[in-house]
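Hi,

Here is the structure I promised to pass on. Have a look at it first, and then read my notes below.

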Amino acid sequence: MAQNAKGNKGLIPRTYLEPCHKEEGQKSSEEGSEEDVEVGDETAEGAEVKQRMDSHWSAVRKALSEQINTVDVLTAMGAIPEGFRPSTLFQLLEEGNQFRASYFLQPELALSQLAFRDLMWDTKTGTIRSRPSHVSLILTLWSCKMIPLPGMSIQVLSRHVRLCLFDGNKSTGERGELSCGWVFLKLFDASGIPIPAKTYELFMNGGTPYEKGVEVDPSVSRRAHGSVFHQMMMMRRQPQLLVKLRSLNRRSRDILSLLPETLIGSMCYVHLLIFYRQILGDVLLKYRMSMQSAEFISNPVLATFPKLLEQPDVMDALRSSWAEKESTLKRSEKRDREFLKAVFLLVYHDCVVPLLHSTLLPPFRWAEEETEAARWKVIADFMKQNQENKGALQALLSPDGVHEPFDVSEQTYDFLGEIRKKAA
């Protein structure tokens, strides 16, 4: 018999209960588990952790009674290595958009709140002013070696590496993202000089970036003893990432200087991001009637383009469409910046806008193969129709194409609402 906070009584499953007093809850758990074999352990903070070792069910029952999360249960069952943790970067992405590339693509206000800090107009060139960043590097992930695999009971939906810039101090049946480890690569040495552009072999750490001394797989310990040969062999078995840093040539550096100072993304999308920033500069700095005006701006590109950073398949469709269109342009047309922007706008309206608001396109979900395949089919069919009909007009007017009801947000860019907040 259980009673809730409102005084209602009734019978409910035991796993739904939470003990009111910790001591009573532990006592009840111990009385109901006399047949279990318990092994005491000490954590880094000195807190005692009890583990049931006699069966998988004991570990699951212990997790339910003591409210241990799913990863702890899987570790206790031996389904995953001890150094695995819930992905820290994935959790940050779930908290909001302040850690997404689309957020950093937006302009930032100056301290006066009356102008933009990182988006300024160059009257001589007739476009936005370049702002070289302190360091610009191209990182290539060559390989991932000796990453331990989870047990057969775990279904792996995708394998990927997440990248972020981290200052070392600040951070803000269950399906989720499991971290197999992490590495740090300092971009500057102790004297503040950028590190050399070369290949780095980075040994992975277990746990989260805030835990120290945790190994990914303690069965392959780095603290190997014995002969030098034995230690070398053990080091070869360590989980590691092989990454290569490349410096940029002058042309690439000039191109990247038109982007926000802090941004991580794929080099194959850079030219598309440049178009967005140039259009952003035109709308906010060149054509706005008053710099004090904070009214909504009607511009579907500014309103929707940041969404493409979270939908890479649609971004790929735009990249393919633009490459196809660019190949038909003359050399003189390619040198005309204003002409290129006008053509890009036409391609964007033909390709991206219909796809984003098509009911046939399933919502984007990470690591769902069926959803990804369904989206690719819709995108491929739409691109084929565009190519055959030389534009999206026929597909838009076709009775087979069903689109979402029009919403003003499709056209509205609220730059004050989208503006990047100054970091504290």
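Let me start with a charged pair: Glu310 and Arg100 join their side chains in a salt bridge, at 3.0 Å from N to O. Keep in mind while you look that this is a predicted model. Both partners are partly exposed, because Glu310 has a relative accessibility of 26% and Arg100 has a relative accessible area of 23%, and the cut-off for buried is under 20%.

There are others of this kind, and the count comes to 10 salt bridges. Another one joins Arg85 to Glu211, where the closest N and O atoms are 3.1 Å apart. Glu211 is partly exposed too, at 26% relative accessibility. Then there is Arg131 with Glu261, whose closest N and O atoms are 2.5 Å apart. Glu261 comes out at 33% relative accessibility, so it counts as partly exposed. That pair is part of something bigger than a pair: a network of salt bridges links Glu108, Arg117, Arg131 and Glu261. As general background, side chains of opposite charge can pair when their charged atoms come close.

Next, a sheet. Three strands make it up, and it is open, with the order β8-β11-β10 and antiparallel pairing. Since β8 and β10 are at the edges and have a single partner strand each, one side of each is left without a neighbour in the sheet. On average, neighbouring strands here are turned by 25° against each other, if you ignore direction.

If you want to trace the pairing yourself, go strand by strand. β8 covers residues 138-145 and β11 covers residues 240-246, and the two pair antiparallel over 7 bridges. Within that pairing, Leu141 has Val243 of β11 as its bridge partner, and Cys144 stands opposite Leu241 in β11. On the other flank, β10 (residues 199-203) pairs with β11 over 5 bridges, again in the antiparallel sense. Val243 turns up here as well, as the bridge partner of Tyr200. So which residues of β10 are on its covered face, and which on its uncovered one? Tyr200 and Leu202 are on the covered face, while Thr199, Glu201 and Phe203 are on the uncovered one.

Just after β8 there is a backbone oddity. Met146, in the loop between β8 and β9 (178-179), has a positive phi of about 55° although it is not a glycine. Its relative accessible area is 47%, so Met146 is partly exposed. You will find a second case at Lys390, also not a glycine, with a positive phi near 55°. Lys390 is in the loop between α13 and α14 (393-397), and at 79% relative accessibility it counts as exposed.

Now the helices. α10 (residues 312-326) and α12 (residues 337-356) have axes that come within 10 Å and cross at roughly 140°. That makes the two helices oblique to each other, because only angles over 145 degrees would count as roughly antiparallel. The crossing of α10 past α12 is right-handed. To see where they touch, select Val314, Ala317, Leu318, Ser321, Trp322 and Lys325 in α10, which meet a set of α12 residues including Leu340, Phe344, Tyr348, Cys351 and Leu355.

Helix α9 (residues 300-308) is mostly covered, with 8 of its 9 residues buried. These are Pro300, Val301, Leu302, Ala303, Thr304, Phe305, Pro306 and Leu308. What do the buried residues of α9 pack against? Their surroundings are α5 (101-104), α8 (270-286), β12 (297-298), α10, α12 and β13 (412-413).

One last residue to look at is Arg375, in helix α13 (residues 369-389). Is Arg375 buried or exposed? At 2% relative accessibility, it counts as buried. Apart from its neighbours within four places in sequence, Arg375 is in contact with Gln311, Asp313, Val314, Leu361, Pro362, Pro363 and Phe364. You have met Val314 already, as one of the α10 residues that meet α12.

Happy browsing!

Notes
Residues numbered from 1 in each chain as written. Predicted model: local features only at pLDDT ≥ 70, side-chain atom pairs only at ≥ 80, totals over all residues. Heavy atoms only, no water. Salt bridge = Lys/Arg side-chain N within 4 Å of Asp/Glu carboxyl O. Buried < 20%, exposed > 50% of the residue type's maximum accessible area, 1.4 Å probe, protein only. Pairing = 2+ DSSP bridges. Helix = DSSP H or I, 4+ residues; strand = E, 2+ residues; numbered from the N terminus. Axes fitted to C-alpha atoms, helices over the stretch in contact; angles between N-to-C directions. Parallel < 35°, antiparallel > 145°, perpendicular 65-115°, else oblique. Left-handed = near helix turned anticlockwise from the far one by under 90°. Contact = heavy atoms within 4.5 Å.
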